[in-house]
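Subject: Structure handover

Hello,

Here is the structure you asked to look at. Please open it first, then read the notes below it.

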Amino acid sequence: EMQRSLVGSEMCIRDRPNGVTQIGNGAFSDCYKLESIIIPHSVTEIGENAFRGCKGLESAVLSENLMEISDGTFSGCTILRNIVLPSSITKVGAYAFSDCSSLESMDLPDNLTSIGVGAFNGCYYFREINIPDSVVSIGDSAFYGCSNVQRLTLGKNVESIGASAFENTMRFNVKCLEIPDSVITIGNNCLLYTSPSPRDYAASR
């Protein structure tokens with residue numbers, strides 16, 4: 001396990017036989033001078049809050065053998081702009097990218113099944129959200145406050161959409177949203193303060 005340490009502006013963990021396989025909880029949290037990271041393919045697990053609060057972090061290259069983005073991994077990385085989720089990812093944990101306010105897009109991989117509570121909360125430069133067909137559950141407040149979203153597409157196998165999941169996506173026209181037949185539960189205020197809000201839309205019918 002790699003413990004928290006101070007680093008310079010760039011971090012590249014060497015990819016070598018019997019190399020690093022795990023990055024521990026909070027390992028590089030609040031390393032505000034860190035600007036870029038490269039995680040080798042030997043790494044299969046990144047702990048919770050591993051890079052939380054790295055306010056200088058602009059880009060990250062992730063291992064293609066990761067299965068999960070853990071809770072809070074990149075939370076508060078306010079100038080993170082360049083990151084690609086590898087196709088191996090099946091879960092994005094709670095608040096994994098919350099308040100990554102410079103992210104403009106995120107291509108969600110086709111193997112993703114679960115999006116955690118507040119996972120992309122406050123990513124307000126997102127223009128569109130495309131939920132792949134593999135996703136079954138979307139947590140509470142998962143995309144809360146993504147206020148510039150203009151296009152939202154739900155995958156055909158989504159079963160659960162949490163409370164406030166898309167609340168305050170104010171530029172999205174809710175009349176353009178198609179709810180797939182697979183959906184079983186939709187939480188309170190799921191689409192509150194969209195344009196128009198569901199309440200306004202219902203009142204007009």
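Which residues form one aromatic cluster? They are Phe-28, Phe-51, Phe-74, Phe-97, Phe-120, Phe-126, Phe-143 and Phe-166.

Before the details, a word on the source. This is a predicted model, in which local features need pLDDT of at least 70 and side-chain atom pairs count only at pLDDT 80 or more, while totals for chains, interfaces and linings use all residues. Residues are numbered from 1 along each chain as its sequence is written, and side-chain values use heavy atoms, with hydrogens and water left out.

Aromatic pairs

A search of the whole structure finds eight aromatic pairs (rings of Phe, Tyr and Trp, the last by its six-membered ring, with centres within 6.5 Å; planes under 30 degrees apart count as stacked, over 60 as edge-to-face and the rest as tilted). One of them joins Phe-28 and Phe-51, which is stacked because the ring centres are 5.5 Å apart and the planes lie at 10 degrees. Phe-28 sits in the loop between β2 and β3, and Phe-51 in the loop between β4 and β5, 23 residues apart. The β labels refer to strands (DSSP runs of E, at least two residues, numbered from the N terminus).

Phe-28 has a relative accessible area of 1% and is therefore buried (under 20%; exposed is over 50% and partly exposed in between, with a 1.4 Å probe and protein chains only). Phe-51 is buried as well, at 0%.

Phe-120 and Phe-143 also form a stacked pair, with 5.2 Å from centre to centre and 10 degrees between the planes. Phe-120 is in the loop between β9 (114-115) and β10 (128-130) and Phe-143 in the loop between β11 (137-138) and β12 (151-153), so this pair ties together parts 23 residues apart in sequence. Phe-120 is buried at 0%, and Phe-143 is buried at 1%.

Salt bridges

Side chains of opposite charge can pair when their charged atoms come close. The count here is two salt bridges (a side-chain nitrogen of Lys or Arg within 4 Å of a carboxyl oxygen of Asp or Glu).

In one, the closest N and O atoms of Asp-30 and Arg-52 are 3.8 Å apart. Asp-30 lies in the loop between β2 (22-23) and β3 (36-38), and Arg-52 in the loop between β4 (45-46) and β5 (59-61), 22 residues apart. Asp-30 is partly exposed at 37%, and Arg-52 is partly exposed at 34%.

In the other, Lys-91 and Glu-68 have their closest N and O atoms 4.0 Å apart. Lys-91 belongs to strand β8 (residues 91-92) and Glu-68 to strand β6 (residues 68-69), 23 residues apart.

Regards

Note on methods
Helix = DSSP H or I, 4+ residues; strand = E, 2+ residues; numbered from the N terminus.
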